[in-house]
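Here is a quick walk through a small set of features worth having in view while you turn the model around on screen. Start with the picture, then read on.

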Amino acid sequence: MVGNLAASLSEESVFGRAADELHELIDRIDVDWDDKAKAHRLTIEGNLLEMLRKSAPSELDAVRGDAIFAEVGCGSTI
């Protein structure tokens, strides 16, 4: 899936718009090596609520309004 995403985002007709969208959603990306787990850890900081809204299938109507996060008390940041 990551390979397909990278290929799609590299297409000339898409990458400008994709970059603009990602800049609006993501503030920072950190990649660290977790020696204990022997794996990389990826941390993405940004507008989590908007990321969920844009990635959720619209037919599920699962992510709308701010109530989804207000219920668990974490605002739009985890």
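## A lysine at the turn

Let's begin with K38, which counts as exposed because its relative accessibility is 55%, and the cut-off for that label is over 50%. Keep in mind that this is a predicted model. The side chain of K38 meets that of D35 in a salt bridge, with 3.2 Å from N to O.

K38 also has something to say about the backbone. It sits in the hairpin of β1 and β2, where four residues lie between the strands, and there K38 takes a positive phi near 55 degrees.

## The overall layout

Stepping back, the chain has four helices and two strands. Follow the sequence from start to end and you read the pattern α-α-β-β-α-α.

What share of the 78 residues in the chain is buried? Buried residues make up just 8% of them. As for surface, the chain exposes about 6500 Å², and carbon and sulfur atoms supply 55% of that area. If you look at contacts with a separation of 6 or more, residues 24 or more positions apart account for 18% of them.

## The two strands

Now for the hairpin itself. Strand β1 covers residues 26–34 and strand β2 covers residues 39–46. The two pair in the antiparallel sense, over eight bridges. One spot to click on is I29, which stands opposite I44 in β2.

## A nonpolar patch

Those two isoleucines turn up again on the surface. I29, V31, L42 and I44 make a nonpolar surface patch of about 380 Å². Which elements give two or more residues to the nonpolar patch? They are β1 and β2.

Take I44 as an example. Its place is in strand β2, and its relative accessible area is 42%. That value makes I44 partly exposed, because the exposed label needs over 50% and the buried one under 20%. A patch residue needs over 30% relative accessible area, so I44 with its 42% clears that bar.

## Salt bridges

How many salt bridges does a search of the whole structure find? It finds three. You have already met the one between D35 and K38.

Another joins the side chains of D30 and R28, at 2.9 Å from N to O. D30 is partly exposed, with 22% relative accessibility, so it falls on the partly exposed side of the 20% cut-off for buried residues. Its partner R28 is partly exposed too, with a relative accessible area of 46%.

The remaining pair is D34 and R41, whose side chains meet at 3.6 Å from N to O. That fits the salt-bridge label because the limit is 4 Å. Here D34 is partly exposed, with a relative accessible area of 23%, and R41 is partly exposed at 41% relative accessibility.

## An arginine on a helix

Last stop: R17, which lies in helix α2, residues 15–25. Is R17 buried or exposed? At 57% relative accessibility, R17 counts as exposed, because the label applies over 50%.

The side chain of R17 reaches the backbone oxygen of S13 at 3.2 Å. If you are zooming in on that contact, look for the backbone of S13 rather than its side chain.

Methods. Residues are numbered from 1 along each chain as its sequence is written. This is a predicted model: local features need pLDDT of at least 70, side-chain atom pairs count only at pLDDT 80 or more; totals for chains, interfaces and linings use all residues. Side-chain values use heavy atoms; hydrogens and water are left out. Two strands pair if DSSP finds at least two bridges between them. Buried means under 20% relative accessible area, exposed over 50%, partly exposed in between (1.4 Å probe, protein chains only). Contact means heavy atoms within 4.5 Å. Accessible areas come from the Shrake-Rupley method with a 1.4 Å probe; for residues, only the protein chains shown count as cover. Patches are made of residues with over 30% relative accessible area and no salt bridge: like charges are joined within 9 Å, nonpolar side chains (Val, Leu, Ile, Met, Phe, Trp, Tyr) within 5 Å. A polar contact is a pair of N or O atoms within 3.5 Å; within protein, one must be able to donate a hydrogen and the other to accept it, and residues adjacent in sequence count only if both atoms are side-chain atoms.
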